[in-house]
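Me: I'm new to this structure and would like a close look at one sheet and its hairpins. Please walk me through it slowly, then show me what else is worth a glance.

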Amino acid sequence: MNLQPVILSGGSGTRLWPLSREKHPKQLLALDGGESMLQATARRVTDVCGSLTVAQRLIILCNEEYRFITAEQLRDIGLEDQTLLLEPVGKNTAPALTLAAIAAVTQQDDAILLVMPADHVIADKTAFQTAVESGLEQAKNGAIITFGIKAHRPETGYGYIKMGGAIAEDAIYAIDGFVEKPDLATAQMYLNSGQYLWNSGIFMMRASIWLRAIKHFNPSMYTVCAQSMTNAKSDCDFVRIAKEDFSSCPSDSIDYAVMEKLNATTDLGIQACVIPLDVGWSDVGAWDAVWEISEKDAQGNCARGDVMMENSKNCLAMADSRLLVCLGMEDAIIIETPDAVLVTNKANTSGMKQVITRLKAGQYKQTDNHRKVYRPWGHYDSVDSGEHFQVKRIVVKPGGRLSMQLHNHRAEHWVVVSGVATVTRGDEVMTLQPNESTFIPLGVKHRLENLGTTDLEVIEVQSGTYLGEDDIVRFGDIYGRADA
């Protein structure tokens, strides 16, 4: 029986704004300056499964808005041939797991699913692997296992799992119940009792067992998910879940949809179990949590990018595009990006929800995407703009090709900085070397592509009455896009 890793990568994680955005969520961030959280999670599950029988491909649930950068990040760490299921709308974790279970059964009969969010940190991978191995026999025998984190403080931001009696020698326990996020006094009581674990959102079960449970407790969810998978379409590296079907799916979490109900029935013969974990876990839910997990200097400061600390302590400072100086700061969080800066302190990070609400109400574009926007062919960075003009730095990776397109409201000037550009302009095809340029008049079909072996960098100057990204009429796209 194969162990099938399933990564849930559909969340937005806007509490880490301005680094996280709606179309660039926290799992795609490299918070430690190295790999992104998605990449670290993918490595973790493949490493954990390395000594076991494992399916060849990961199953990853991903929002279609950031499908290309998700696939690119996986390719960057050598995971090119994966199953990426694109959710057209977010419906919480239970439908996502149901889609993954259907895909797993289709691909390889009845695998054991190891299900985990893409945006969590686990420091001790060896201890995590030991815990997974300890639960395999129970999972094979039909149990649904969740992993609970040993509480180290009276945390009010997590749900809790109450442990029941031991059911196996390898520290596996029955579940006495799930409880919501407590107040401080209740959290302290949970901590003192030693009977409660933080709810991690990590699960393990046979695919058929999950499908049996969801059919029983929420048959309409199963029916919609099954129909959505039947009508799904393959699109390059992705499996597009049918939106017309999936939009009607009930929205619910794994806990609410199944786990909490298993305790109340014996009809299914499925046991809910919990394995305690002490592995340096964090869900990195806010900026104070980022400071907690980060490497710090002697003054308790964590600095990333071009940051200078002077007479400051216990601060987190990240600079992306310019020098950031912290003078006389304590417990401060300063996050600088090219188009937004956050200044707060560790005690106030829970207020980010209200900030995001106000930004969205004010229609600030900084909630949606970064100045640098990723595309399947590379990326572009909007470096300057004003009335009737915009300047972009475009990078096209080797083999990348933009769609054949035209614009009704703008003209474009292209200057090649590095690499070699192949440009189609109307009926003309030309090759541009560094320091050479061309002009694309308004309304003329055109395309930019990189047939070389190194990155192509182009400076694009747009001019016209309207410069929005929706002023694109496509005539052909190798990536199957109609809208991006």
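Reply: Let's start with one pair of residues: Arg 375 stands opposite Gly 378 in β21. Before going on, keep in mind that this is a predicted model, where local features need pLDDT of at least 70 and side-chain atom pairs count only at pLDDT 80 or more, while totals for chains, interfaces and linings use all residues. Residues are numbered from 1 along each chain as its sequence is written, and side-chain values use heavy atoms, with hydrogens and water left out.

Back to that pair. β20 and β21 pair in the antiparallel sense over 4 bridges (strands pair if DSSP finds at least two bridges between them). The strands themselves are DSSP runs of E, at least two residues long, and helices are runs of H or I, at least four residues long, numbered from the N terminus. A hairpin with 2 residues links β20 to β21.

Now follow the chain onward. β21 (378–386) pairs with β22 (389–396), again antiparallel, this time over 8 bridges. Gly 378 turns up here too, standing opposite Val 396 in β22. The hairpin of β21 and β22 also has 2 residues between its strands, and in it His 388 takes a positive phi near 70°.

Step back and you'll see an open, antiparallel sheet of 6 strands, in the order β20-β21-β22-β29-β24-β27. Its edges are β20 (372–375) and β27 (437–440), each pairing on one side only. From one strand to the next, the twist averages 20°, where axes are lines fitted to C-alpha atoms and angles run from 0 to 180 degrees between N-to-C directions. As a general reminder, strands of a sheet pair through backbone hydrogen bonds, either parallel or antiparallel.

For a contrast, look at another open sheet, with 4 strands in the order β14-β16-β18-β19 and mixed pairing. β14 (302–304) and β19 (340–345) are its edges, each with a single partner strand, so one side of each has no neighbour in the sheet. Here the twist averages 5° from one strand to the next. β14 and β16 (316–319) run parallel, joined by 3 bridges, and Arg 304 has Met 318 of β16 as its bridge partner.

After β19, Asn 348 lies in the loop leading to α11 (352–361). With 45% relative accessibility, Asn 348 counts as partly exposed (buried is under 20%, exposed is over 50%, partly exposed is in between, using a 1.4 Å probe and protein chains only). Its C-alpha atom is 9.4 Å from that of Trp 287, 61 residues away along the chain.

One last stop is Lys 26, in the loop between β1 (3–9) and α1 (37–48). Lys 26 is buried, with a relative accessible area of 5%, and its side chain reaches the backbone oxygen of Asp 283 at 2.5 Å.

Technical notes. A polar contact is a pair of N or O atoms within 3.5 Å; within protein, one must be able to donate a hydrogen and the other to accept it, and residues adjacent in sequence count only if both atoms are side-chain atoms.
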